[in-house]
Amino acid sequence: MNIKKIILGVASVALFLGLSACNPGEGGGDGGTTGDVITVGFAQVGAESGWRTANTQSFKDYFVEENGFKLVFADANQDADKQKQDVRDFIAQGVDYIVLAPVTDSGWEPVLQEAKDAGIPLIVADRQLMVADDLYLTYLGGNMRGEGDTAVQWLVDHIAAEGITDPINIVHLQGTIGSTAQKGRTEALDEAVKDKADWTIVAQQTGEFTQAKGQEVMESIIQQGLAFNVIYAENDDMAYGAIDALKAAGINHQELIIISFDGNKSAVQMVIDGDIDVIAECTPLLGPQIADLIRRAEAGETLDKVTYSIEGFIDSTNAAEKLPIAFGS
Ligand code: GYE
């Protein structure tokens, strides 16, 4: 079942890099402002994945003085409680804007209310929040449920195109439980499985978006002797870890259908090499686009509440063309 064939249907769309119009030195609220420079506190999730590293770099590269910004960076180390404290520290410092990439999506009302009371606009980036609209300025990032649907639809099309009649037994490696990245991608698969008599999730466990945990979980699944022919890994790093575990156990991973998310350069190369079958894209290069939103807010524009990145999928039909523009390493 080593099948890397042409998938018709959904056209994949180039990553939206969205370089903003240059308008440096504009505006700046009060408190924390140095001259015309806008001080932005960025509450980042952690450093768990290649996606995250590229995301952090995108902010650090763009939010510099020559672009009219000063970045104050906080790393929550994947700890949702620490992250709430990080945001409170930004409020205490009186930064001009807060950008929050939330580890998980709940329990944010009190902190967001505090930011609002302090008059500090807060932009949610990368992962969404389950809060009332008036508690934040805007959201920019991936449509996680959409990405999950893209991956599931690819599998449906693949099964049809290849005439696969075997039951579909899926190992599901989930991201950080309670993050919208996990919830959206998981819901898409769960719903699809509910609908299809011959699809089964044989194991569903978090690998916390890390390579090490992805490998560990896969090792234990192999030890349990479960039969599976599909791996649905909610990011590239867990897919790398799972593949390492399969190789170590002498299982030919190229015989399986491996589905991943993100689109790091090495993962795109693995699609070309036949190690991964499809990646649902998710761009981490959000820094310049967030800067653009801040400039527009400074200019008094009313922003859309939600802006989703343009995302498609990467498989054998387009990986070679995606490789040179892929993020990270
Ligand atoms: O897919 C994963 C990272 O929130 C979209 O977080 C992000 C996810 C991304 O750790 O690699």
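Ser 49 sits in the loop that runs between β1 (38-44) and α1. In this predicted model, Ser 49 comes out as buried, because its relative accessibility is 6% and the cut-off for buried is under 20%. Setting aside neighbours within four places in sequence, Ser 49 has contacts with Phe 209, Asn 235 and Asp 237.

Two other loop residues stand out for their backbone angles. Gln 78 is not a glycine, yet it has a positive phi of about 60°. Gln 78 is placed in the loop between β2 (69-75) and α2 (80-93), and with 24% relative accessibility it counts as partly exposed. Glu 208, not a glycine either, has a positive phi of about 50°. This residue belongs to the loop between β7 (199-206) and α6 (211-223). Glu 208 is partly exposed as well, since its relative accessible area is 34%.

Zooming out, the chain has 10 helices and 12 strands. Of its 329 residues, 54% are buried. Among contacts with a separation of 6 or more, 75% join residues 24 or more positions apart. As for how far to trust the picture, the chain has a mean pLDDT of 91, with 89% of residues at 70 or more. Residues 1-34 are another story: pLDDT stays under 50 there, although the model has 84 contacts beyond four places in sequence for this stretch.

Next comes the inside of the protein. The largest nonpolar core holds 56 residues, and the ones that touch the most other members are Val 87, Ile 98, Leu 122, Leu 173, Met 218, Ile 231 and Ile 276. Helix α7 (residues 236-248) is the top contributor to this core, giving seven residues. Both domain 1 (30-141 + 284-298) and domain 2 (144-282 + 314-325) supply at least three residues each to this core. Apart from it there is another core, made of 25 residues, including Val 45, Tyr 97, Ile 123 and Ala 125.

Two members of the largest core deserve a closer look. Ile 98 is part of strand β3 (residues 97-100). Ile 98 counts as buried because its relative accessibility is 0%. Not counting neighbours within four places in sequence, the contacts of Ile 98 are Gly 41, Val 87, Phe 90, Ile 91, Ala 115, Ile 120, Pro 121, Leu 122 and Ile 123. Take the pair Ile 98 and Leu 122: these residues are 24 residues apart along the chain, but their C-alpha atoms are separated by just 4.7 Å. Leu 122, with residues up to four places away in sequence left out, touches Val 87, Ile 98, Leu 100, Leu 112, Ala 115, Tyr 136, Leu 137 and Thr 138. Val 87 and Ala 115 thus turn up in the contact lists of both Ile 98 and Leu 122.

Finally, there are the empty spaces. Rolling a probe the size of a water molecule over the atoms shows where such space is left. A search of the whole structure turns up three cavities of 30 Å³ or more. The volume of the largest cavity is about 90 Å³. Its lining is made of 13 residues, and Trp 51, Arg 52, Arg 127, Arg 185 and Asp 262 are the ones nearest the centre. Helices α1 (50-62) and α5 (180-195) each provide at least two residues of that lining.

Key:
Residues are numbered from 1 along each chain as its sequence is written. This is a predicted model: local features need pLDDT of at least 70, side-chain atom pairs count only at pLDDT 80 or more; totals for chains, interfaces and linings use all residues. Side-chain values use heavy atoms; hydrogens and water are left out. A nonpolar core is a set of buried Ala, Val, Leu, Ile, Met, Phe, Trp, Tyr and Cys residues joined through side-chain atoms within 4.5 Å. Buried means under 20% relative accessible area, exposed over 50%, partly exposed in between (1.4 Å probe, protein chains only). Helices (H or I, at least four residues) and strands (E, at least two) are DSSP runs, numbered from the N terminus. Domain bounds come from an automatic or database domain assignment. Contact means heavy atoms within 4.5 Å. pLDDT is the predictor's confidence in each residue, from 0 to 100. On a 1 Å grid over the protein atoms alone, a cavity is a set of points where a 1.4 Å probe fits but cannot get out, and a pocket is an open set with protein on both sides within 12 Å along at least five of seven lines; lining residues have an atom within 4 Å of a point. Grid points are joined across faces, edges and corners, and a volume is the space filled by probe spheres set on the points.
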